[in-house]
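Please look over the sequence and the model below before reading on. The paragraphs that follow go from the overall layout to single residues.

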Amino acid sequence: NSPLLINGFKFDLRVYVLATSFNPLKLYIFSNGLVRFSTKKYKRIKKNSKAVSRFMHLTNYSVNKKSSSFQVRSDADMDA
């Protein structure tokens, strides 16, 4: 199975939800969320290959900030 990709990059979504009741179900979805992308495009490789790139598979900041492809968000409305 192939992973879901956006423009060839792996990604993850962080959506914040508050559940105030379960019966009946009542949810509130926070309007801001987080999307993180890998810094290298995904490509299928053989299972035993040594060419595995953590920058292709992982989306977390602590890994990708070390990639030469990493870009810091610079838009003016960035929240602190």
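**Layout of the chain**

Read from the N terminus, the order of elements is β-β-β-β-α-α. That makes four strands and two helices in the chain. The model is a predicted one. The chain has 80 residues, of which 14% count as buried. Its accessible surface is about 7100 Å², and carbon and sulfur atoms account for 55% of that area. Counting contacts between residues at least 6 apart in sequence, 40% join residues at least 24 apart.

**Strands β1 and β4**

Two side-chain pairs link strand β1 with strand β4. The first is a salt bridge between Asp12 and Arg36, with the closest N and O atoms 2.9 Å apart. Asp12 belongs to β1, which covers residues 11-14, and Arg36 to β4, which covers residues 34-37. The two partners are 24 residues apart, so this pair links distant parts of the chain. Arg36 has a relative accessibility of 24% and counts as partly exposed, because a residue is called buried under 20% and exposed over 50%. The structure holds one salt bridge, and this is the pair in question.

The second pair is aromatic. A search of the whole structure finds one such pair. Phe11 and Phe37 form it, with 6.4 Å from centre to centre and 40° between the planes, and the arrangement is tilted. Because Phe11 lies in strand β1 and Phe37 in strand β4, the pair ties together parts that are 26 residues apart in sequence. Phe11 is partly exposed, at 23% relative accessibility. Phe37 is also partly exposed, with a relative accessible area of 36%.

**The nonpolar patch**

Phe37 has a second role in this description, as part of a nonpolar surface patch of about 1000 Å². The other residues of the patch are Ile6, Leu13, Val15, Val17, Phe22, Leu25, Leu27, Ile29 and Val35. Which strand gives the most to the nonpolar patch? It is β3, with three residues. Strands β2 (17-22), β3 (25-29) and β4 each supply at least two residues of the patch. Leu27, one of the patch residues, lies in strand β3. Its relative accessible area is 45%, so Leu27 is partly exposed.

Between β2 and β3 there is a loop that holds Pro24. The peptide bond leading from Asn23 to Pro24 is cis, with omega near 5°.

**The segment before β1**

Asn7 lies in the segment before β1. Asn7 is not a glycine, yet its phi is positive, at about 50°. With a relative accessible area of 65%, Asn7 is exposed.

Lys10 is also placed in the segment before β1. Leaving aside neighbours within four places in sequence, Lys10 is in contact with Pro3, Leu4 and Leu5, with Arg36, Phe37 and Ser38, and with Tyr42, Met56, His57 and Thr59. Arg36 and Phe37 have appeared above, as partners in the salt bridge and in the aromatic pair. Lys10 and Phe55 are 45 residues apart in sequence, while their C-alpha atoms are 9.7 Å apart in space.

**After β4: Thr39 and helix α1**

Thr39 lies in the loop between β4 and α1, the helix of residues 54-57. Is Thr39 buried or exposed? Its relative accessible area is 13%, and Thr39 is buried, because the cut-off for buried is under 20%. Not counting residues up to four places away in sequence, Thr39 touches Phe9, Phe55, Asn64, Ser67, Ser69 and Phe70. With Ser67, the side chain of Thr39 makes a polar contact of 3.0 Å.

Arg54 is placed in helix α1. The residue is partly exposed, with a relative accessible area of 46%. Arg54 and Ser38 are 16 residues apart in sequence and 8.7 Å apart in space, C-alpha to C-alpha. Ser38 is also among the contacts of Lys10.

Methods
Residues numbered from 1 in each chain as written. Predicted model: local features only at pLDDT ≥ 70, side-chain atom pairs only at ≥ 80, totals over all residues. Heavy atoms only, no water. Salt bridge = Lys/Arg side-chain N within 4 Å of Asp/Glu carboxyl O. Buried < 20%, exposed > 50% of the residue type's maximum accessible area, 1.4 Å probe, protein only. Contact = heavy atoms within 4.5 Å. Areas by Shrake-Rupley, 256 points an atom, 1.4 Å probe, with all protein chains shown as cover. Patch = residues over 30% accessible without salt bridge, like charges linked within 9 Å, V, L, I, M, F, W, Y side chains within 5 Å. Phe/Tyr/Trp six-rings, centres within 6.5 Å; stacked < 30°, edge-to-face > 60°. Polar contact = N/O pair within 3.5 Å; in protein donor to acceptor, adjacent residues only side chain to side chain.
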